[in-house]
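Here are my notes on this chain, written for someone new to reading structures. Keep the model open beside you and tick off the points as you go.

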Amino acid sequence: MQERPPGWARNPLTEFDQLLSEMSGLIESTVGGVAPAAAWTPLADVTESDDAFHVEIELPGVKSKDIDVEANGQELVVTGEIKEKERKGVLRRSTRRVGAFEYRLRLPGELDTDKIKADMQDGVLSITVPKAEVAKPRHVEISETSESTESSS
């Protein structure tokens with residue numbers, strides 16, 4: 001029977017936690033404190049209809065009071081924060097994002113920022129950004145004209 005190589009019985013999660021602790025210690029000693037976490041961008045879908053742009057942003061577990069939606073010219077900015085939950089016991093794995101988020105979108109054409117609507121349902125923020133009247137596509141009717149008769153010389 002073969003023996004396992006040394007270190008085989010080690011717990012990889014413990015080693016990973018130790019590595020993270022060492023790295024954060026290095027950052028603190030270099031920067032002089034905890035470095036601020038950069039804002040992350042949530043997943044989103046953007047669709048366009050004849051009269052508006054529709055944005056759906058995935059924000060599970062976020063309350064509408066923790067979200068700020070602003071429109072400035074052609075830019076739509078959604079910001080907020082997902083707060084980390086208090087947990088009992090030892091957290092073994094976490095892949096959910098927490099902290100400040102920011103979603104920026106520059107839309108083409110003129111927008112009617114006074115009529116923007118936002119709705120939160122089932123962890124999805126739905127924003128409707130109407131196009132300004134001048135930006136909406138307009139169907140142009142083509143009229144038929146009879147051919148003019150050629151004049152004889």
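1. Some vocabulary to begin with: helices (H or I, at least four residues) and strands (E, at least two) are DSSP runs, numbered from the N terminus. With that in hand, the chain has 1 helix and 7 strands. Going along the sequence, you meet them in the pattern α-β-β-β-β-β-β-β.

2. A word on what you're looking at. This is a predicted model, in which local features need pLDDT of at least 70 and side-chain atom pairs count only at pLDDT 80 or more, while totals for chains, interfaces and linings use all residues. Residues are numbered from 1 along each chain as its sequence is written, and side-chain values use heavy atoms, with hydrogens and water left out.

3. Now the sheets. Strands of a sheet pair through backbone hydrogen bonds, either parallel or antiparallel. Here, two strands pair if DSSP finds at least two bridges between them. One open sheet has 4 strands in the order E1-E2-E7-E6, with antiparallel pairing. Strand E1 (44-48) and strand E6 (117-121) are the edge strands with a single partner each, so one side of each has no neighbour in the sheet. Neighbouring strands of this sheet are turned by 15° against each other on average, direction ignored; for such angles, axes are lines fitted to C-alpha atoms (for helices over the stretch in contact), and angles run from 0 to 180 degrees between N-to-C directions.

4. Let's walk across that sheet. E1 is joined to strand E2 (residues 52-58) by 5 bridges, and the two run antiparallel; Asp45 has Glu56 in E2 as its bridge partner. Next, E2 pairs with E7 in the antiparallel sense over 7 bridges, and Phe53 stands opposite Val129 in E7. Last, E6 and E7 pair over 5 bridges, again in the antiparallel sense, with Gln121 opposite Val124 in E7.

5. Have a look at the turn here. E6 and E7 form a hairpin with 2 residues between them. Asp122 sits in the loop between E6 and E7, and its phi is near 55°, a positive value in a residue other than glycine. Is Asp122 buried or exposed? Buried means under 20% relative accessible area, exposed over 50%, and partly exposed in between (1.4 Å probe, protein chains only). Asp122 counts as exposed because its relative accessibility is 76%.

6. Just past this hairpin, try Lys131, in the segment after strand E7 (124-130). Lys131 counts as buried, because its relative accessibility is 8%. The Lys131 side chain reaches the backbone oxygen of Ser49 at 3.0 Å. For the chain as a whole, 18% of the 153 residues count as buried.

7. The other open sheet has 3 strands in the order E3-E4-E5, and the pairing is antiparallel. E3 and E5 are at the edges with a single partner strand each, so one side of each lacks a neighbour in the sheet. The twist averages 15° from one strand to the next.

8. Which bridges hold the details of this sheet? Strand E3 (residues 67-72) and strand E4 (residues 75-82) run antiparallel and are joined by 6 bridges, and Glu70 has Val77 in E4 as its bridge partner. Their hairpin has 2 residues between the strands, and Gly73 takes a positive phi near 65° there. E4 also pairs with strand E5 (residues 99-106), in the antiparallel sense, over 8 bridges. In E5, Ile82 has Gly99 as its bridge partner, and Glu81 has Ala100.9. Arg97 is worth a stop, in the loop between E4 and E5. At 52% relative accessibility, Arg97 counts as exposed. Arg97 and Glu84 are 13 residues apart in sequence, and 8.7 Å apart in space from C-alpha to C-alpha.

10. Finally, the largest pocket. On a 1 Å grid over the protein atoms alone, a pocket is an open set of points with protein on both sides within 12 Å along at least five of seven lines, and lining residues have an atom within 4 Å of a point. Grid points are joined across faces, edges and corners, and a volume is the space filled by probe spheres (1.4 Å probe) set on the points. The largest pocket holds about 550 Å³ of space. Among its 22 lining residues, the closest to the centre are Pro60, Ile82, Arg96, Arg97 and Val98. The lining divides into 8 nonpolar, 3 polar and 11 charged residues. Here Ala, Val, Leu, Ile, Met, Phe, Trp, Tyr, Cys and Pro count as nonpolar, Asp, Glu, Lys and Arg as charged, and the others, Gly among them, as polar.

Technical notes. A polar contact is a pair of N or O atoms within 3.5 Å; within protein, one must be able to donate a hydrogen and the other to accept it, and residues adjacent in sequence count only if both atoms are side-chain atoms.
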